[in-house]
Amino acid sequence: MTGLNRLRDGKGIVPKPIILTSHPQRRPAATPPLAWGAADPLARGPVIATLADPAARNAIGTHAGSYALYRALAVASGQLRADHRPDFRNTRPAVPVGPFPAWGDPGKIVSLDPWGHLVPEVFADAMAAGQDIRPSIAVTRAHINMPELMQAMRDGRLLPDGEVLLGNGDVRVTKIAIEPVWFLPGVAARFGIGETELRRDLFEQTGGMFPELVTRPDLRVFLPPIGGMTVYLFGEPSKLGLPHTQVACRIHDECNGSDVFGSDICTCRPYLAHGIEACIGMAQEGGVGVIVYNRKEGRALGEVTKFLVYNARKRQEGGDRADQYFQRTECVAGVQDMRFQELMPDVLHWLGITRIDRLVSMSNMKFAPIIESGIEVISRVPIPDALIPADAQVEMDAKKAAGYFTEAVPDAAELAIAKGRAL
Ligand SMILES: [Zn+2]
């Protein structure tokens, strides 16, 4: 039983000393340097968030985002050894991704580790020497199959080609899971605030969860306990980064109720399916389709807040209508939106994208940061009216009136009409 966090000696649990990471260790020379944005991975150095040796850490927080808390439960309940070291045999990326020029630009990527999928490869020597370094990105291959795509085939909008789209409706994709890794000075710069302010609020708003945020200014990288993202690539990933490759792209923020369960109060799943259809079409034309799926449920306010807002909308005097749509959210959450698209373009730069030929999105909140980050957008594809579900007309009108990309902006009289279903 040695190596377990707690030793069971038959007379009770004998706890090991608690390891505090909030102050520099006695062997600061052991901390490997991290030169964020260096083009050479060995010059950049590995992100080390090991829990085994505090002196070896050069990052705040730990791997697996919010799932780190489940790991703590597994250790606490005696089901996982605290010192378990992963065996990375055969886990390497199923297809190569990068490197691209943006990986060597400290301002272009600040919220993920561009070398996160190549850790066992580029840091092999350090790992062989005993360093506990872990991937923050994984790249695999899959087939997906969705009823909307089968319908698009029956309607003749999609035709199987035997490569991207198979006759049974299966779509060949590359899927990439990405954990957030924040370079704090770069994140602060994106929001136009000081790094000290950012660190202080991250510390205080997590109930003091990560003391190093305020005690260790020498640690500049933070693995936040939040959800990451998944990228679905359609077509040949090796075409990414080539100037002539056409790209279709949808950046989709998670909406579990619609995306998975088909709840009809919003347009999320229909728009996602439409984006996937556009990606398949682009791949069949020889380009690459990119779906980025961000774990930012309910505009990153979470599902409890989201459902409270639904009730407030449907119970308000005059019924569920577009002119009160954003206000009802603000009443409950204090803000209309917490998705902070400032960090969103990072993944596009990580994929080597410098131009999006078809952006499947109406949102100016997504469009603006993409073009401000230096990516050219050739055309924007709105959702076809026929795909908007019955109860989602309130959301659609409100968003059009608030500056979504559209040809027909609804007027005040239109926005005051209750179009949503009552509770
Ligand atoms: Zn939704």
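The questions and answers below go through a predicted model, from its sheet to one strand, one helix and one surface patch.

In this predicted model, local features need pLDDT of at least 70 and side-chain atom pairs count only at pLDDT 80 or more, while totals for chains, interfaces and linings use all residues. Residues are numbered from 1 along each chain as its sequence is written, and side-chain values use heavy atoms, with hydrogens and water left out.

Reader: Which strands are the edge strands of the open sheet?

Author: Strands here are DSSP runs of E with at least two residues, helices are runs of H or I with at least four residues, and both are numbered from the N terminus. Two strands pair if DSSP finds at least two bridges between them, and seven strands form this open, mixed sheet in the order E4-E5-E8-E10-E9-E11-E12. The strands that pair on one side only are strand E4 (137-144) and strand E12 (376-380).

Reader: Which residue of E10 stands opposite Cys 249?

Author: E9 and E10 run parallel and are joined by seven bridges. On its other side in the sheet order, E10 is followed by E8, and E8 (residues 229-234) pairs with E10 (residues 288-294) in the antiparallel sense over six bridges. In E10, the bridge partner of Leu 233 is Val 290, and the residue opposite Cys 249 is also Val 290.

Reader: How many residues of E9 are buried?

Author: Buried means under 20% relative accessible area, exposed over 50%, and partly exposed in between, with a 1.4 Å probe and protein chains only. Val 247, Cys 249, Ile 251 and Asp 253 point one way from E9, whereas Ala 248, Arg 250 and His 252 point the other way, and all are buried. The strand is therefore mostly covered under this definition, and the number of its buried residues is seven of seven.

Reader: Why is helix H16 largely enclosed, and which helices are included in its cover?

Author: Seven of the nine residues of H16 (residues 393-401) are buried, so the helix is largely enclosed by the rest of the structure. Among the buried residues are Val 394, Glu 395 and Met 396. What covers them includes helix H12 (303-315), helix H13 (325-333) and helix H17 (412-415).

Reader: Is Tyr 67 buried or exposed?

Author: Tyr 67 lies in the loop between strand E3 (60-61) and helix H2 (68-76). Because its relative accessibility is 58%, Tyr 67 counts as exposed.

Terms used
Contact = heavy atoms within 4.5 Å.
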